[in-house]
Amino acid sequence: MYIADVHCDALWKLAQKKHPVVNINSLQQGKINVQTFALFTIPNGKKEQEKRQIAAQIHAFHTLVNDSAILRHEPFAPLSSQSSKTHAILSLEGMSMFEFDSLDMLLHAGVEMVSLTWNERNQFASGTDYNKGGITSAGKKMIRWLNDHGFSLDGAHLNEESFWDAIHLADHFLVSHANIKGIYSHPRNLSDAQLLALVEKNSFVGLTCYPRFLNGTKDAFYSDIARQIEYAGELGVISILGFGTDWDGIDETVHSFASPRDFPRILDWLLLRFDEEIVKGVAGENFRRFWNNKYKQRSFQNSGNPLQ
């Protein structure tokens, strides 16, 4: 089965000199086809310091890829279902440390997915710590730049006002790691209206494994993941659902679903409860279809690979 995890914070964990649960061995044991690695540092207003921290994580990512026999990094290329290696995607979670004159750093690193903000409000947008405030004029300019260079815009940490601005402005928009507000109301979760808009956009939503988002407690189980899938099916948005586990960025997770090596176990459990095509879609096919769709869009085909 094709398996994709669209968000983890393993690079952040490595930067803290800790051992991430998303690693070469666990990816191999879980037979993961796609793993997104997020660049992240906590915003503190010291942009040069933050940029150096991001640069160090970029170096760690490329070292990880170069030293591994199972990872491949081919930025701005479609995802293949035939490769025996794990396709590594590099993303940036929050870009408050960047201005327009320093964006070459992202291009040269092979970053393909960007979120404008973490939970904070910055020069581009407002995050989920703020009830008000949408995409700023600088944010609109940034989204045009991202569109022109073939990037995917991640709305995971945007507040609702910024979300609605971004979904209309971005050519290729997704929410890499969140859960469903109709099950548990949390600022980081998505409303029915947002989910339906994402279907209209032919977008994607990655489900997190964070119990606080799934049910508001510190404990979550396979049944909580199943409830997300059931709700999405009833709402008619199952075609955009997948996984964005947030491993290595969360201190609690779903019982017996704590690292990539646990994917086969939960997928077998889900196959006993859902149609095989639904499970295949959520496991990774929905993301592969979404990701590859941008290579069919004329605007990106015309601009070509921005790394060339």
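Two strands count as paired here if DSSP finds at least two bridges between them. With that in hand, the predicted model can be walked through strand by strand. Confidence comes first, though: the protein chain averages a pLDDT of 95, and 96% of the residues score at least 70. The weak spot to keep in mind is residues 298–303, where the pLDDT is below 50. Even so, that stretch has 10 contacts in the model beyond its near neighbours in sequence.

Start with strand β4, which covers residues 86–93 and runs parallel to β5, the two being joined by four bridges. Within this pairing, L92 sits across from V114 of β5. To get from one strand to the other, the chain goes by way of helix α4 (residues 104–109), and the resulting β-α-β unit is right-handed. Strand β5 itself spans residues 111–115, and five of its five residues are buried, so the strand is largely enclosed by the rest of the structure.

On to the next pairing. β5 is also joined to β6, again in parallel, by two bridges. M113 has S152 in β6 as its bridge partner. Here the connection is helix α5 (residues 137–148), which carries the chain from β5 to β6 in a right-handed β-α-β crossover.

β6, made up of residues 152–154, then pairs in parallel with β7 through two bridges. D154 faces L174 of β7 in this arrangement. The chain makes the trip from β6 to β7 through helix α6 (residues 160–169), and this β-α-β crossover is right-handed too. As for cover, β7 (residues 173–178) is mostly shielded, with six of its six residues buried.

β7 has another parallel partner in β8 (residues 205–207), to which two bridges join it. A178 lies opposite L207 of β8. Helix α7, residues 192–200, completes a right-handed β-α-β unit with these two strands.

Away from those strands, helix α10 (residues 263–271) is worth a look. Which of its residues are buried? They are F263, I266, L267 and L270. These residues cover an arc of only 100° around the axis, so they lie on the same side of α10. That spacing fits a general rule: an α-helix has 3.6 residues a turn, so residues three or four places apart point the same way. What packs over the buried residues of α10 includes two strands, β1 (4–5) and β9 (241–243). Helices α2 (24–30), α9 (222–235) and α11 (276–293) are also among the elements that cover them.

Finally, the cysteines. The structure holds zero disulfides. C8 is in no disulfide, and the nearest cysteine sulfur to it, that of C209, is 12 Å away. Why does C209 not bond to C8? The sulfur of C209 has its closest cysteine sulfur in C8, and because 12 Å separates them, they are too far apart for a bond; a disulfide needs the two sulfur atoms within 2.5 Å. Are these two cysteines buried or exposed? C8 is buried, with a relative accessible area of 0%. C209 is buried as well, and its relative accessible area is 0%.

Terms used
Residues numbered from 1 in each chain as written. Predicted model: local features only at pLDDT ≥ 70, side-chain atom pairs only at ≥ 80, totals over all residues. Heavy atoms only, no water. pLDDT = per-residue confidence, 0-100. Contact = heavy atoms within 4.5 Å. Buried < 20%, exposed > 50% of the residue type's maximum accessible area, 1.4 Å probe, protein only. Right-handed = clockwise from strand over helix to strand, strands pointing away. Arc of directions from axis to C-beta.
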